[in-house]
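Here are some exercises for you to try with the structure open beside you. Read each task, have a go, and then follow the solution step by step.

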Amino acid sequence: MLAVSTPLLPVNQTTSALTWPQHEAMTGITAPLVDYTPQRLEISVPCPVATDDASTGRTLVSTVSPGAQNSVQLGLFVRNESGNLTVTSLGQPLLTTPLAALRGASCTLRVTSTAASTTVELAGDVRRFPADLRPQLVGLYSELDGPPPPGLSATAEIDTRYISSPSALKLVLMLVGAACTVGALAALYRLERTDGRHHVRVLPSRWWVPRWLDGAVLAVLGTWYLIGANTSDDGYLLSMARAARDSGYMGNYYRWFDVPEAPFGWSYELISLMTHVSTASPWIRLPTLVAGILCWMLISREVLPRLGRQLRSTRAPAWAAAGVFLLFWLPYDNGLRPEPTIALGALLTWCSAERAIATKRLLPAAVALVVAALSLAAGPTGLIGIAVLLAAVRPLYHVLRSKIRDFGALPVLAPMTAAGLAVLFVVFADQTLRSVLESTKVRTDHGGSKHWNDELDRYAALMTNFTADGSFARRLPVALMFVCLAAVFVVLLRRGRIPGAALGPAQRVLGTTAVSLVIMSLTPTKWTHHFGAFASIAACLAAVAVVAVRAPSLHRRRNFGVFLTAVLIALALACTGFNNWWYVSAFGISWNDRAPALAGIPASTVFLALAALTALLTLREHLRSGTRATEAGRGGTRAAGMAPGMLAVVCWLVVIFEVLVFAKAMVVRWPAYSVGKSNLQAISGDTCALASDVLVERNPSSSVLQPVATTATGTAALGASSTGFTPGGVPVSQDPYPLPRQPLRNAEATGLTLDQPAPLPFALDSTVPVLGSYSPIPSQDANLTSSWYGLPARSDDAPLLVVTTAGIADSDASRLVVDYGRRRGNAVEQAGTVSLLDPGFGVGWRNLRLPLSDLPDGVDSVRLRVAVSTAASPAAWVAVTPPRVPQLQTLNERVGSDSPVLMDWVVPLQFPCQRPFRVVDGVAEVPEYRITPDPGLTTITDAWQDRLGGGPLGWIPMVTSPLVLGTYLSDDWSRHWGSLQELVPVQPGAADGDLELGTKTVNGWTYPGPS
């Protein structure tokens, strides 16, 4: 009863309100609401203020800065304009009144906006709009000057329904309920001891004795933990965990208006606690390594012995189980996602259920209920724990009925019910039933959730190339799991048993896998990383499949042939995928952008040919077989003996391949960044990961090289000898990001003439000249040869020669090269020509670069040469700036650990020293920087974090504008690692708003209205 009542018990909810003016000044205040809109907004503007001559043409009050992006369409404005007092909200006019009618009046304009309606009242005229016209609020602003006039005010009540803590009553009752649950289980234990069996072994004898296979599995897990790939959501979950320390609850942070993750995600609270010690990857992922080790210990010590004699006495099933387990663990479970916890929970549930069946006792079954419920509360894929119980429901029911017959219904059912419901104490510890229902509704209404009949989308993603979701490493374990599932199912269907395997446990492993695959359709999202929850159960299934295939039969060689053919087809199917991994994990990985191949021959073709050959041999054997003597021959026995080993061999070869590929990448790239190098440095004390390897230009404009000859400077030196290049010959982009999100616009469209300089990105100021060959009407070829520029003395903090350019710099139609030489008196003797490294990604502005170490000793001068052929491509054009040798500092030195940062959800694990912006009392801290991944992934993070999904990109562009800085990845100069943006405030003089805080007690069913 206490568990069931927990969601309805009262909680202490924080209240938060924003008022303006503050500090006796008309200065605007910034306070972006993560919920976008306030619960209630009230604005009062006295008529004398509205009609004052000082107010003419000005904004009196607004909820967004007048200069912000889409301000009129998203905010509420009270304006004095064109002789009228106007009120608009979300672009809809609410009031237009001539100012002349208000002069001398003592009236007050009052605007009240809630989810139910918006009311505008002025001089007895009341207008009510029965719709939700609440504006977005990122602050409260005014263009008025001087001290605040009396009566001018604005108050916004902020939605804080999720910021709650258990009341004293709820806390006491939860503690009592937890104690009662423990007491009920203790009573069940004592009750069951009356059967006379006072000692039941918990762990098998000599479980602690190490084996060679243990060493192999632990070696792979440990090595992969240090050098292996991470998962896609690691950065996402790390930011959630870090932000929860300030927000007071585990919010989504990047989407859905930061609503809580409840009823899922209790495992994230452990990550949040661990961040108080360190945010370094090796530390924060330690629970995952522990979960992997525990999974293997349970598989080898508990599951395999339970599955039967053959699995205990032969090596092949154990090696196959270990291989399949690692095949799942490496691509799916080396990060912060809940799947490793769920895989362990599913295994514990299975072991507990089997212990209950074997011992005819209910206490292990109660433990299974607790673990299964906790697995489900960890994440939606925890449904696999429910699948375990469903697969074992019949024998468990018989045990339950027997106990009820012996002891009565109440003494048996009460502890079991308490065990199953105890998870409610965890799920609703600081949330209420209403808040959880509301957060679930928000996630459903704003995209990201799918229905059960969309389950095929998961498999479509698994079979899609070009993303890590459909990589070779992710496809293979899933394909082999289906092969093993089919093998066990066919043998059980034909023979009713598996010789050498315990029938009941084997059936329950098969049932658990099959039911899990079906029940996974109920998860609200369809990502491939959910397959990581199958790591432990699929390993057990593989062990059973090995025994099933090698079972004595009149057709052993044929059966082995069919099984081997299926394994080879699975390999061929997997090898059609790229060896791709998420973000930085793919740096330096072989075949990360294509399907694996050797000597130009696709691996999938090789395995498919082998599968066809084994299929033909199997057909031949099927046609020849027919007598027991034929099958029982020496060849049949030898072939059947190979069957169990082939699955293990295939799995372990792929595991070794994956580990070696990552080890090779780390060694070959050293000293450039890799996941392995980063983790090893973190263990040795440098915990800032990629922030220590990304280099940022300090002052790019001051680092522009000067001409050797002082007779020509600026534009004249850049275009010393040029045809078709002009200062305005550049299509201007609103976005300096290297892959423009808006189409490039020509000079005429922006009002530029071809003799005007185009604006430059990367913090280059107007003193830096630029020449481009763009013309709205392509006419002639263009050529440019600059003056010689002198190089500074070499230094470690200025290792690059950089040229900012746009257009195509290296193609048949256009080419940009650098000549280098040595000074000979007043002249320069050319010594050679070199091309610059181009990070690619479109024709937008980008920094071409050349390591100065690549130039011969003694080189002290460089010049640019550009050739553009409109005959080869009429649309070809190039724009260039003078070369520069910028001084660089690490991103960690530039950003530091105190500045608030928006780290797109892919990147935070690689930037553990940077601080994510805080969310406190419903208001977000305005970030000073943004860190994005490479352009390909940025399109994904932008879409996920945007306004439609309730993400931070719905308010950050309204309070800041981005300035992309020039950055480079140390010792991997050609790679586009991502970008660092400095976020410049739209309203520089605005101060952070102070909130009025309070506390109120609300019941679990209280509904404060739409969010």
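**Exercise 1: a small mixed sheet**

Which residue stands opposite isoleucine 29 in S11? Keep in mind as you look that this is a predicted model.

Solution.
- Step 1: Find the two strands. Strand S2 covers residues 29-30, and its pairing with S11 is antiparallel, over two bridges.
- Step 2: Look across from isoleucine 29. Its opposite number in S11 is leucine 140.
- Step 3: Now place this pair in its sheet. Three strands form an open sheet in the order S11-S2-S36, and the pairing is mixed. Strand S11 (139-140) and strand S36 (991-992) are the edge strands, each pairing on one side only.

**Exercise 2: a hairpin**

Find how many residues lie between S6 and S7 in their hairpin, and which residue in the turn has a positive phi.

Solution.
- Step 1: Locate the strands. Strand S6 spans residues 84-89 and strand S7 spans residues 92-98; they run antiparallel and are joined by six bridges.
- Step 2: Check one pair across the hairpin. Leucine 85 faces threonine 97 in S7.
- Step 3: Read the turn. Two residues separate S6 from S7, and leucine 90 in the turn has a positive phi of about 55°.

**Exercise 3: one strand, several partners**

Work out how S25 pairs with S19, S20 and S22, and say whether S25 is mostly covered.

Solution.
- Step 1: Start with S25 itself, residues 861-868. Six of its eight residues are buried, so the strand is mostly covered.
- Step 2: Take S19, residues 782-785. Four bridges link this strand to S25, and the two run antiparallel. Asparagine 783 lies opposite alanine 867 in S25.
- Step 3: Take S20, residues 789-790. This strand has two bridges to S25, again in the antiparallel sense. Tyrosine 789 has valine 862 of S25 as its bridge partner.
- Step 4: Take S22, residues 814-824. Here eight bridges make an antiparallel pairing with S25, and leucine 816 stands opposite valine 866.

**Exercise 4: edges and twist**

Which strands stand at the edges of the sheet S27-S16-S34, each with a single partner strand?

Solution.
- Step 1: Read the order. This open sheet has three strands, S27-S16-S34, with antiparallel pairing.
- Step 2: Pick out the edges. Strand S27 (888-890) and strand S34 (967-969) each have a single partner strand, so one side of each has no neighbour in the sheet.
- Step 3: Add the twist, which averages 35° from one strand to the next.
- Step 4: Look at one pairing. Strand S16 (residues 694-697) is antiparallel to S27 over three bridges, with glutamate 697 opposite leucine 888.

**Exercise 5: two helix pairs**

Decide for each pair, H9 with H12 and H5 with H27, whether the helices are roughly parallel or roughly perpendicular.

Solution.
- Step 1: Recall the description to use. Two packed helices are described by the angle between their axes and the distance between the axes.
- Step 2: Helix H9 (residues 286-306) packs on helix H12 (residues 339-359) at an angle of about 25°, and the axes are 9 Å apart. An angle under 35 degrees counts as roughly parallel, so H9 is roughly parallel to H12. Their crossing is left-handed.
- Step 3: Helix H5 (residues 212-227) packs on H27 at about 95°, with axes 6 Å apart. This falls within 65 to 115 degrees, so H5 is roughly perpendicular to H27. Tyr225, Leu226 and Ile227 of H5 make the contact with Val675, Gly676, Asn679, Leu680 and Ile683 of H27.

**Exercise 6: buried or exposed?**

Is asparagine 679 buried or exposed? Then do the same for serine 267: buried or exposed?

Solution.
- Step 1: Place asparagine 679 in helix H27, residues 675-684.
- Step 2: Apply the cut-off. Buried means under 20% relative accessible area, and asparagine 679 has 2%, so this residue is buried.
- Step 3: List what asparagine 679 touches beyond four places in sequence: Tyr225, Leu226, Ser281, Pro282 and Arg285.
- Step 4: Turn to serine 267 in helix H7, residues 266-274. Its relative accessibility is 10%, so serine 267 also counts as buried. Beyond four places in sequence, serine 267 contacts Pro338 and Ala378.

Conventions
Residues are numbered from 1 along each chain as its sequence is written. This is a predicted model: local features need pLDDT of at least 70, side-chain atom pairs count only at pLDDT 80 or more; totals for chains, interfaces and linings use all residues. Side-chain values use heavy atoms; hydrogens and water are left out. Buried means under 20% relative accessible area, exposed over 50%, partly exposed in between (1.4 Å probe, protein chains only). Two strands pair if DSSP finds at least two bridges between them. Contact means heavy atoms within 4.5 Å. Axes are lines fitted to C-alpha atoms, for helices over the stretch in contact, and angles run from 0 to 180 degrees between N-to-C directions. Angles under 35 degrees count as roughly parallel, over 145 as roughly antiparallel, 65 to 115 as roughly perpendicular and the rest as oblique. A crossing is left-handed if the near helix is turned anticlockwise from the far one by less than a right angle, and right-handed if clockwise.
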